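Work through the following exercises with the model open beside you, and try each task before reading its solution.

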Amino acid sequence: MNDIDQRCDGFLLWIDAKRRDREPVLAEISAINTAVHAVMTVTGSNPGALNIVTAAFGLASASYANWNSRLLIAVNQSTIQQVVYDSQGEYRKKIQGWTVPDQPTAIYLLRNYLRLCMPTTIEATINITTTLVHSDAPAAAQKGVVVSNMTAPSATVPKATRISSTFVTDSASVILQKFIDPNGTGDRDPDRVNQLAPLLAQITDPATGQPLRTPRDLTRFLQSKELATQRQNVVGQLKAAGKL
């Protein structure tokens, strides 16, 4: 949220700069128009040319004024700042005790906080506040558009899948342990672990319904009671391939 606050401050400064530039630019266009008109008059330009130049500068002034005619440019800067800062304060206060159980909820909260500083939200808040005040509803006018429509996320956290297995040691387990740790140092040989990978990929994990993967499922494969038959089959395949 602090990063959004920083970006919002930059946007508000930009709006203030645009507002301050409006009158000087229009005055400059008018001054240039007057100077050009005077020079052309002294140099004997015909009335038609003078009218064309006057119309051109008039079009430039009207175009610039229309381009800067949004409510954000017209309204006082202090009004915009109060609308934005009050909305941000109310938003933080409202979600202070909320639980954020997952990433989608976090994105939902951050996106709504970002909306507080969007031009459409600021303009809508100003217009709605004016309407509610004139409708004798000052309490409702203090609630922002975004804040009043926020809903608290569910506090229920999805339960993690728990896999239960009975760990046993059989002859196949001992053989495979020696195969992947031939020196008995406790460090598995990466090359031999890779040799087991395609064999394990052919085995479906009864707990998840997914193929076994190395090295993630290797320890469970070597020790799980439910996979005893599959271990014996793997030992048989290694012997047939001359690796045991």
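**Exercise 1.** Find the helix in which V235 lies, decide whether V235 is buried or exposed, and list the residues that V235 touches beyond its neighbours in sequence.

*Solution.* Begin with the position along the chain: in this predicted model, V235 belongs to helix α12, which covers residues 228–240. Next consider the accessibility, where the relative accessible area of V235 is 6%; since buried means under 20%, V235 is buried because its value falls under that limit. Then look for contacts, leaving out residues up to four places away in sequence, and you will find that V235 touches A172, I175, L176 and L244. Finally, take one of these partners, L176, and note that its C-alpha atom is separated by 7.1 Å from that of V235, although the two residues are 59 residues apart along the chain.

**Exercise 2.** Determine at what angle helices α9 and α10 pack, and state which residues make the contact.

*Solution.* The description starts from a general idea, namely that two packed helices are described by the angle between their axes and the distance between the axes. For α9 (residues 171–180) and α10 (residues 190–201), the angle is about 130 degrees and the axes are 8 Å apart. The two helices are therefore oblique to each other. On the α9 side the contact is made by L176, K178, F179 and I180, while α10 contributes R192, V193, Q195 and L196. Sorted by class, this contact has five nonpolar, one polar and two charged residues.

**Exercise 3.** Describe how helix α4 is placed against α5, and say in which helix S87 lies.

*Solution.* The axes of α4 (residues 77–94) and α5 come within 10 Å and cross at roughly 160 degrees. Angles over 145 degrees count as roughly antiparallel, so α4 is roughly antiparallel to α5. The crossing in which α4 passes α5 is right-handed. From α4, the residues in the contact are Q88, Y91 and R92, and from α5 they are Y108, L109, L110, N112 and Y113. By class, the contact of α4 with α5 has five nonpolar, two polar and one charged residues. As for S87, it lies in helix α4, and at 10% relative accessibility S87 counts as buried. The C-alpha atoms of S87 and T125, which are 38 residues apart along the chain, are separated by 9.4 Å.

**Exercise 4.** Establish how many disulfides the structure holds, and explain which parts of the chain are tied together.

*Solution.* The structure holds one disulfide, formed by C8 and C117, whose sulfur atoms are 1.9 Å apart. C8 lies in helix α1 (residues 2–42), whereas C117 lies in the loop between α5 (103–115) and α6 (119–134), so the pair ties together parts that are 109 residues apart in sequence. The torsion about the S-S bond is about 85 degrees, so the disulfide is right-handed. Both C8 and C117 are buried.

**Exercise 5.** Summarise the protein chain by counting its helices and strands and by giving the share of buried residues.

*Solution.* Counting the elements gives twelve helices and zero strands. Turning to accessibility, buried residues make up 28% of the 244 residues in the protein chain. For the contacts, consider those between residues at least 6 apart in sequence: 67% of them join residues at least 24 apart.

Technical notes
Residues numbered from 1 in each chain as written. Predicted model: local features only at pLDDT ≥ 70, side-chain atom pairs only at ≥ 80, totals over all residues. Heavy atoms only, no water. Disulfide = S-S within 2.5 Å. Helix = DSSP H or I, 4+ residues; strand = E, 2+ residues; numbered from the N terminus. Buried < 20%, exposed > 50% of the residue type's maximum accessible area, 1.4 Å probe, protein only. Axes fitted to C-alpha atoms, helices over the stretch in contact; angles between N-to-C directions. Parallel < 35°, antiparallel > 145°, perpendicular 65-115°, else oblique. Left-handed = near helix turned anticlockwise from the far one by under 90°. Contact = heavy atoms within 4.5 Å. Nonpolar A, V, L, I, M, F, W, Y, C, P; charged D, E, K, R; others polar.
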